[in-house]
Amino acid sequence: MDPQAVRKDFPVLFQQVNGHPLVYLDNGATSHRPLAVIDEIKRFEEEDNSNVHRSVHTLGQRATELFEGARTKLAALLGVPGTNGLIFTKSATESLNLVAYAWGRHHLSEGDEVLITEMEHHSNIVSWQLACKDTGAVIKAVPVDDNGVLDMAEYDRLLSNKTKVVAVCHVSNVLGTINPIAEISAKAHRVGAIVVCDGAQAVPHMAIDIPSLDCDFYAGTGHKMCAPTGIGFLWGREHILEEMEPFHGGGDMILDVWIDHSSYNEIPYKFEAGTPPISQAVGLSTAIDYLNNLGWEAIRRHEIEITRYALDRLAELPDITVYGPTDAELKGGLVSFNIDDIHPHDVGTILDGKGVAIRAGHHCAKPLMRKLGVGATNRASFYIYNTHSDVDALVDALESCRKMFG
Amino acid sequence: MSDLEDLYKEVILDHYRTPRNRAKIENADVHLHRDNPLCGDEIDLYVDIEDGRVTNVGFEGRGCSISQASVSMMTEKLKGLSIAEAEELANTFKSMMQGEAAEDEDALGDLLALQGVQKYPVRIKCALLGWNTFLEGVKVHNEKHGA
């Protein structure tokens with residue numbers, strides 16, 4: 001895979017920001033969309049736009065075929081058998097809230113425990129806090145050790161018959177740590193707990209095979225993998241989804257409705273009330289084709305290579321602190337760091353002045369920031385179109401920060 | 001670079017590196033903790049008020065250079081002002097940061113150095129953190145003691 005060739009597919013990258021060529025290193029927040037995706041959404045809007053699942057006319061059928069085709073494509077990408085367990089949502093956040101609401105509120109009770117980790121994104125923390133508030137269950141967290149990985153001995157210790165849910169990210173959005181989901185699932189299942197995995201930072205970057213992870217729910221989002229914003233997904237085990245109450249009520253999720261009661265549609269439609277994100281699903285479908293075409297092995301190899309280069313180059317700077325694993329093979333394609341006690345918002349602003357876009361802040365992971373003893377970090381996150389010269393531009397801009405604040 | 005140099009003026013960096021009045025005031029008449037959830041800037045502001053006049057101001061905090069320099073400069077300006085004068089200065093400063101023509105910009109003195117922040121909408125909140133905390137503190141104080 002040649003990132004220089006890939007770049008040409010992303011028109012947004014070819015612009016000057018503050019008088020410098022744009023260097024986009026904020027892919028953990030959102031990726032850009034290739035021309036193929038932009039063109040297909042435009043084509044869909046111009047030729048096929050219609051609502052899905054309810055119109056007998058030709059456009060309605062075309063839209064439904066494309067929408068359901070996206071589901072089939074996504075199921076293949078995730079390695080799941082069939083599409084019944086695959087629910088479209090608006091975001092990974094909504095997916096996690098769906099589980100915490102529709103499963104959590106009916107299965108948790110006083111004295112039960114929800115086991116999260118210290119490296120969770122707020123979406124996999126607050127959604128469970130809400131469920132616990134309503135049910136009397138309590139939250140516990142697996143600590144992160146000094147190397148930025150989960151303390152698995154503590155996981156073993158915290159896991160008990162009281163544990164009903166283990167909620168864990170596949171890849172940390174701050175540390176880049178790839179968590180051992182299969183091991184976590186096997187142990188959780190032994191005490192009868194379900195495992196809810198947040199895959200938002202994993203699916204865009206590596207081949208995913210949900211059956212081998214053995215989790216019970218897996219959430220992800222489109223916009224971090226070349227698709228538009230507004231579409232996410234939740235995969236769940238069919239027998240669990242079957243017996244769950246719906247999340248939202250409305251059109252499409254019902255079989256029949258009377259004034260005082262309703263019967264619900266089959267899964268996954270039971271969880272897709274209202275008009276779904278249709279053109280976004282069409283965009284996601286094209287994005288999956290685009291990424292499949294690059295090859296997942298090549299994507300992962302490229303990210304390991306660029307992350308390794310970034311870690312090496314950052315290590316040349318004095319007074320740099322890198323958070324999370326420093327072996328690129330063991331992490332996703334991102335590096336969080338602080339430099340010289342300069343506040344990340346100052347770093348972010350100075351870098352932007354040089355055309356370099358990074359994320360500076362708490363990354364929606366305040367408990368982890370407290371654990372690391374910082375208010376915020378800088379994060380450079382890579383994708384298929386990032387090159388070594390992007391990393392060089394980052395390091396040069398960081399040198400300017402040091403000069404300005406030195 | 002000119003925009004950046006406009007933002008990070010020497011006087012701002014000086015206050016950031018060597019903050020003034022950065023100390024807790026025990027039993028202060030006003031003590032408030034406030035933060036910018038977006039950035040993680042946070043401050044504890046302490047104000048002593050006697051006979052309607054600001055007699056002492058101190059702060060503790062952490063955050064970006066803009067937030068910390070702005071509150072450091074504020075503490076120097078507020079000491080000795082009457083509450084009414086202090087509120088007026090705070091409002092003049094806020095008007096400047098929001099790009100409105102302030103009536104009495106001369107009163108701002110060194111604070112004019114923070115004008116460069118205007119060009120960075122996401123950073124304006126950083127510059128205002130100390131000032132909004134002060135205004136809120138005065139309001140709480142007035143409610144307690146009668147204005």
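Contact here means heavy atoms within 4.5 Å. Keep that cut-off in mind for the first stop. The model is predicted.

**Stop 1: the interface of chains A and B**

Color the two chains separately. Select the residues that touch across the boundary. You should pick up 16 residues of chain A, in contact with 18 residues of chain B. About 1,500 Å² is buried between chain A and chain B. Carbon and sulfur atoms give 56% of that area.

Now look for charged pairs. How many salt bridges does the rule find across the interface of chain A and chain B? The rule finds one. Select A:Asp346 and B:Arg123 and show their side chains. These two residues form a salt bridge, and their closest N and O atoms are 2.8 Å apart. Polar contacts come next: six residue pairs make them across the interface of chain A and chain B, with both residues at pLDDT 80 or more.

Which elements of chain A give two or more residues to the side that touches chain B? Select helix 12 (344-353) and helix 14 (388-405) of chain A; these are the ones. Helix 12 of chain A gives the most, with five residues. Color the side of chain A that touches chain B by residue type. The split is five nonpolar, eight polar and three charged.

**Stop 2: a β-α-β unit in chain A**

Hide chain B. Select residues 113-117 and 138-142 of chain A, which are strand 5 and strand 6. The two strands run parallel, and five bridges join them. Zoom in on A:Glu113: opposite this residue, in strand 6 of chain A, stands A:Val138. Add residues 123-135, helix 5 of chain A. Strand 5, helix 5 and strand 6 of chain A together make a right-handed β-α-β unit.

**Stop 3: a salt bridge within helix 2**

Go to helix 2 of chain A, residues 35-47. Show A:Lys42 and A:Glu46. They form a salt bridge, with the closest N and O atoms 2.9 Å apart. Both lie in this helix, four residues apart, or about one turn. Over all chains, a search of the whole structure finds 33 salt bridges.

**Stop 4: two backbone details**

Stay in chain A and follow the loop between helix 2 and helix 3 (58-78), where A:His53 lies. Check its backbone: A:His53 is not a glycine, yet its phi is positive, about 70 degrees.

Finish in the loop between strand 12 (262-264) and helix 10 (278-294) of chain A. Select A:Pro268, which has its place there. Is the peptide bond from A:Ile267 to A:Pro268 cis or trans? This bond is cis, with omega near 0 degrees.

Notes:
Residues are numbered from 1 along each chain as its sequence is written. Chains are lettered from A and ligands numbered from 1 in the order in which they are written. Side-chain values use heavy atoms; hydrogens and water are left out. Buried area is the accessible area (1.4 Å probe) that two parts lose on being put together, summed over both. A salt bridge is a side-chain nitrogen of Lys or Arg within 4 Å of a carboxyl oxygen of Asp or Glu. A polar contact is a pair of N or O atoms within 3.5 Å; within protein, one must be able to donate a hydrogen and the other to accept it, and residues adjacent in sequence count only if both atoms are side-chain atoms. Ala, Val, Leu, Ile, Met, Phe, Trp, Tyr, Cys and Pro count as nonpolar, Asp, Glu, Lys and Arg as charged, and the others, Gly among them, as polar. Two strands pair if DSSP finds at least two bridges between them. A crossover is right-handed if, with the strands pointing away from the viewer, the path from the first strand over the helix to the second runs clockwise.
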